[in-house]
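This report covers two helices, a ligand shell and one loop position. Look over the structure first.

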Amino acid sequence: MDNNNTIAGWVLAGGIAALGFSILSGKYFHADKNERPETMGFVIEGVESSDGGAEEVPMSMMLAKADVAAGEAVFRKCVACHTINEGGANGIGPNLWNSFGKSHGHVAGFAYSDALSSVEGNWNFDNMNAWLISPRKYAPGTKMTFAGLSKPEDRANVIAYMNAQGSNLPYPEPPAAEEAPAEGEAVAEAEADAAATEVAEETVAADEAAAAE
Ligand code: HEC
């Protein structure tokens with residue numbers, strides 16, 4: 001009787017230990033999750049992420065393909081509140097002539113929110129992109145009640161158009177590093193192919209040599 005209890009006790013303890021181990025290993029090895037790395041190795045062109053690809057394609061690369069005329073069409077979404085001609089009147093929003101390179105909230109006589117005018121730094125391609133993705137997220141409490149432009153192409157085009165109205169800042173160089181991994185991979189693949197072919201040829205040669213003996 002006593003003995004049976006001891007055996008039952010060990011079996012139970014063993015079961016608990018096994019359960020504990022499987023929980024722990026699950027924790028450390030993420031066996032139960034199908035995980036993607038947080039940052040992918042390189043950008044795959046033409047594939048949009050769920051958030052519109054905003055973070056993945058640098059604005060400098062988007063601008064290289066941007067179309068000012070298409071940007072003027074996108075800007076129609078803004079004209080209810082903004083003018084963008086030189087000396088244009090402020091409306092619900094400030095006049096946007098020559099905005100790039102200027103501080104946040106630089107237009108004299110427009111009553112900006114503190115949320116926007118307290119943002120440090122000058123307007124550039126990257127922070128304008130972030131602003132146009134979501135004004136509310138960029139400057140929580142902003143008076144600009146515009147949801148944002150979800151398509152990266154729309155943002156790039158309208159940014160190109162806006163820049164062409166007075167500012168004409170040079171576009172930033174697209175990062176050269178983006179190209180390198182793709183090329184490197186192609187070379188590595190070609191080398192691997194060549195190596196495989198060589199091994200195959202060597203095997204054939206060795207077989208032939210063996211047959212000749
Ligand atoms: C519903 C009205 C409205 C629409 C539509 C709108 N804006 Fe605005 N915009 C505002 C207001 C209001 C502000 C000032 C925000 C503040 O002070 O917080 C502003 C501010 C800005 C600023 C900052 C200017 C500065 O002097 O710092 C930029 C840039 C801008 N808007 C661009 C755009 C663009 C581009 C679009 C269209 C894609 C757009 N806005 C659509 C109302 C609007």
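## Helix α5

The model is predicted. Helix α5 covers residues 125-133, and its buried residues are F125, N129, W131, L132 and I133. Among the elements covering these buried residues are α2 (59-64), α6 (135-138) and α7 (152-167).

## Helix α7

Helix α7 has 16 residues, which at 1.5 Å a residue should span 22 Å. The C-alpha atoms at its ends are 21 Å apart, so the expected and computed spans agree.

Many positions of α7 are listed as buried, including the run from R155 to N163. P152 and Q165 are buried too. The cover over the buried residues of α7 includes α2, α3 (68-74) and α5. After α7 comes N168, with a positive phi near 50°.

## Ligand shell

The ligand has 26 residues around it. C78, C81, G93, S113 and M144 come nearest. By class, the shell holds 15 nonpolar, 9 polar and 2 charged residues.

## G101 in its loop

G101 sits in the loop between α3 and α4 (114-117). Is G101 buried or exposed? It counts as partly exposed, because it has 14 C-beta neighbours inside 10 Å; a buried residue would need 20 or more, an exposed one 12 or fewer.

Beyond its neighbours within four places in sequence, G101 is in contact with N122, W123, S167 and L169. G101 and N124 are 23 residues apart in sequence, yet their C-alpha atoms are 6.1 Å apart in space.

Note on methods. Residues numbered from 1 in each chain as written. Predicted model: local features only at pLDDT ≥ 70, side-chain atom pairs only at ≥ 80, totals over all residues. Helix = DSSP H or I, 4+ residues; strand = E, 2+ residues; numbered from the N terminus. Contact = placed C-beta atoms within 7 Å. Near = placed C-beta within 6 Å. Nonpolar A, V, L, I, M, F, W, Y, C, P; charged D, E, K, R; others polar. Expected span 1.5 Å × (residues − 1).
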